[in-house]
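User: Could you zoom in on one helix-helix contact here and walk me through the geometry and the residues involved?

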Amino acid sequence: MVLSKIASQSDVSVHSTFSSRYVRESLPRYKMPENSIPKEAAFQIINDELMLDGNPRLNLASFVTTWMEPECDKLIMDSINKNYVDMDEYPVTTELQNRCVNIIAHLFNAPLGESEAAVGVGTVGSSEAIMLAGLAFKRKWQNKRKAEGKPYDKPNIVTGANVQVCWEKFARYFEVELKEVKLTEDYYVMDPVKAAEMVDENTICVAAILGSTLNGEFEDVKLLNDLLVEKNRITGWDTPIHVDAASGGFIAPFLWPDLEWDFRLPLVKSINVSGHKYGLVYAGVGWVIWRSKEDLPEELIFHINYLGTDQPTFTLNFSKGSSQIIAQYYQLIHLGYEGYRNVMENCHENAMMLKEGLEKTGRFKIVSKDIGVPLVAFSLVDKSWGHDEFEIAETLRRFGWIVPAYTMPADAKHITVLRVVIREDFSRTLAERLVRDITKVLHELDSLPAKLSAKISVKSEENGKNNDTEAGKNGTTVVKKTAIETQREITTYWKNFVTAKKSNRNKIC
């Protein structure tokens, strides 16, 4: 008896994906397909869709590293199948993490003895690092309040309104009141004086930002430390400081080594930094360092033995890849202090070149600072032009550039800015090209009619310069809006319009 088998269509070998049926049949998007497809076809279909993504190196919205050397790429791929949490199975990887923690702790001037090990841990990014640091502050504050017989149910944390959203997540997830110092026009970081005034006996820490996401500016950690030292002396409190150095932690030590923001200040108890930003590693690694063992409550550290040996763990997740930690160690020993300094100097100089090019157009006001993260944040000088920052951002996408436009937080929401982040792989040639393209966009928008909302606002301002009110059609009194109210209304309208447009464009269909 002859046994025969009818091959299914999925068994057919694909010599050319584009000559097969897989490019003319729609694949399931939200359910697993019944049959397999050849690996060549699966690769080609996914790869073709990914072509519609933006170019990561032209994504000037992101602080995250988009280029590494081929040698490091190989190290990453060779270790991509290692689960970091298996410390007993991968002891060398664990040792590399410990080396990174100690190198970074010394970079931040941790007060360590000659043979004393640093206290810290690798994370998947600064968001996790901030959660861990915040939990340590909360638990230490609670323990102290319990020992004193005082209420410990209403902890708060003081920050500026310019903090990254991970601080809001920490406050909401772990039930801590977030007390924000509001921003003002032309001062877009936390005011240390106002922050110190907001501190009370329930404040678990004050969070200072070394490199604001909004404009790259470093907050004055030294002044904050001095103010809190004095307030602690008067009140008997012990309010500490956490420094969110996600962006600036790998910049300040190399460009401004004399700037006091780190463990040289006595109230700084913990610092987080993103390895995947100016630590020059691909996305997926961050670090949190504590001043000493006393600043990390022992009860937050778990011990497990089901992977072979007793292993301490203080993370929000369990399994994670090892490749980014290995890549961080590669960068630290390959570049060394000299290499990191050269990279940061290049970034800073290219940011200054871009700033000068934008200033020469006469159309922009620079809102970023020279001392800070190498980025350029800028807004339009002429608010009656008829076009705004959101239009510039949208038009720049035609040239391939991804440049974000956004409004400032309270109480500066009427200010709209564009921001260009200068990373390691953003060369002087690209900076010059960007200036030329922005100039082209300005000239193109000059030739287009103004947005209707902008026209109406300008006309209203001209007609109502000397009148606060005017009579309506039915005899009612219509209150004239101030220029700043009109500007805020236009900014909100256009922001919502662009957001809706992006949402529709990014929908999966």
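Here is a close look at one helix pair.

Analyst: Let's take helix 3 and helix 9, with helices being DSSP runs of H or I with at least four residues, numbered from the N terminus. A quick caveat: this is a predicted model, where local features need pLDDT of at least 70, side-chain atom pairs count only at pLDDT 80 or more, and totals for chains, interfaces and linings use all residues. Residues are numbered from 1 along each chain as its sequence is written, and side-chain values use heavy atoms, with hydrogens and water left out.

Helix 3 covers residues 91-107 and helix 9 covers residues 323-360; their axes come within 9 Å and cross at roughly 50°. Those axes are lines fitted to C-alpha atoms over the stretch in contact, and the angles run from 0 to 180 degrees between N-to-C directions. The two helices are therefore oblique to each other, oblique being whatever is left after under 35 degrees (roughly parallel), over 145 (roughly antiparallel) and 65 to 115 (roughly perpendicular). The crossing is left-handed, that is, the near helix is turned anticlockwise from the far one by less than a right angle.

On the helix 3 side you get T93, L96, Q97, R99, C100 and I103, meeting I325, I326, Q328, Y329 and L332 of helix 9, with contact meaning heavy atoms within 4.5 Å. By class that's 7 nonpolar, 3 polar and 1 charged residues; Ala, Val, Leu, Ile, Met, Phe, Trp, Tyr, Cys and Pro count as nonpolar, Asp, Glu, Lys and Arg as charged, and the others, Gly among them, as polar.

C100 is buried, at a relative accessible area of 0%, where buried means under 20% (1.4 Å probe, protein chains only).

Conventions
Buried < 20%, exposed > 50% of the residue type's maximum accessible area, 1.4 Å probe, protein only.
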